[in-house]
Amino acid sequence: MKLSTVPSHVAIILDGNGRWASKRSLPRSLGHYQGGQNLFTITKEIRKLGVKKLTVFVFSTENWKRPKEEVDYIMSKSIEIFESRKEEVDHKVHFIGRRDRLPQGMLDLIATIETQSEAFDDAFELYIALDYGGIEELIQVAQNKDVKDEATFKKALMQPHDVDLLIRTGGELRISNFLLAQSAYAEFYFTKTTWPAFTKRELHKAMKQYEKRQRRFGGL
Ligand code: IPE
Ligand code: MG
């Protein structure tokens, strides 16, 4: 696919795993499993299209409100999927969000992936938002004494890069506490397609939309 403009930073709110499964009379857990696998497919395609940074919202500071069995499944399956496919990850990976509530298995995986990713340059970077919340990020920044202007403010964020294109799958029309400051001038793309069903073709559609957008950043 040829594109005249490619967003440098894409952020995705991966939503609709549960509904993807329910629609097929499958348990919600299977939706999370398929969603986890799809992350690898879409990450590879996004990189191929020339995007430099991808931030994905995997688990929010509010997702702990879900039933314990579902939270446990999401954590343990994410660990399992990443463990089994980590050799495919040939680019930088960062984790953003709180670390103090994550299970030990997840902390171990994060350490392994981060160490592994030190070998790669910054040509393409994947940021995984896990127990992440935009408000919480801003509270941290508000307490940072080094923050004096826009440049130092951005540097203090967990994700210091502005978002160019924010995609949300699953049909909801909201930002759900994701990258609040970084999305100040992001272009939004909402699709009813659920995350496990979000194919490369769906991604191409979003990128085509972005290509047509006129960004003015408050100017003319
Ligand atoms: C997104 O899918 C995955 C997470 C938030 C962890 P959901 O689990 O929110 O799926 P729906 O929205 O209930 O269909
Ligand atoms: Mg949801």
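How many nonpolar, polar and charged residues does the lining of the largest pocket have? I shall return to that count shortly. Good morning, colleagues. The structure before you is a predicted model, and I shall present its sheet, its pockets and the surroundings of its ligand.

Let me begin with the sheet. The model contains an open sheet of 6 strands, and its pairing is parallel. Read across the sheet, the order of the strands is β3-β4-β2-β1-β5-β6. At the edges are β3, residues 92–96, and β6, residues 187–190, each of which pairs on one side only. On average, and with direction ignored, neighbouring strands of this sheet are turned by 20° against each other. One pairing deserves a mention in detail: strand β1, residues 9–13, runs parallel to β2 and is joined to β2 by 5 bridges. Within this pairing, Ala-11 has Thr-55 of β2 as its bridge partner.

I turn now to the largest pocket. The space in this pocket amounts to about 720 Å³. A total of 35 residues line the largest pocket, and Leu-14, Asn-17, Phe-57, Val-58 and Asn-63 are the closest to its centre. Several elements give two or more residues to this lining, namely α1 (17–23), α2 (28–48), β2 (53–60), α3 (68–85), α4 (104–117) and β4 (125–132). The largest share comes from α2, with 6 residues. To answer my opening question, the lining of the largest pocket has 16 nonpolar, 10 polar and 9 charged residues.

The second largest pocket has a volume of about 190 Å³. Its lining is made up of 16 residues, and those nearest the centre of this pocket are Glu-150, Lys-154, Asp-162, Ala-181 and Ala-184. By class, the lining of the second largest pocket divides into 8 nonpolar, 3 polar and 5 charged residues.

Finally, I come to the ligand. Which residues come nearest to ligand 1? Of the 13 residues around ligand 1, they are Asp-15, Gly-18, Arg-19, Arg-28 and Arg-66. Three polar contacts may be described individually, each with an oxygen atom of ligand 1. For Arg-66, a polar side-chain atom lies at 2.6 Å from such an oxygen. Arg-28 likewise places a polar side-chain atom 3.0 Å from an oxygen of ligand 1. In the case of Asn-17, a backbone N or O atom is 3.1 Å from an oxygen of the ligand. Asn-17 is also one of the residues closest to the centre of the largest pocket.

Thank you for your attention.

Conventions:
Residues numbered from 1 in each chain as written. Chains lettered and ligands numbered in written order. Predicted model: local features only at pLDDT ≥ 70, side-chain atom pairs only at ≥ 80, totals over all residues. Heavy atoms only, no water. 1 Å grid on protein atoms, 1.4 Å probe; cavity = no way out; pocket = protein on both sides within 12 Å on 5 of 7 lines; lining within 4 Å. Points joined across faces, edges and corners; volume = space filled by probe spheres on them. Helix = DSSP H or I, 4+ residues; strand = E, 2+ residues; numbered from the N terminus. Nonpolar A, V, L, I, M, F, W, Y, C, P; charged D, E, K, R; others polar. Pairing = 2+ DSSP bridges. Axes fitted to C-alpha atoms, helices over the stretch in contact; angles between N-to-C directions. Near = heavy atom within 4 Å. Polar contact = N/O pair within 3.5 Å; in protein donor to acceptor, adjacent residues only side chain to side chain.
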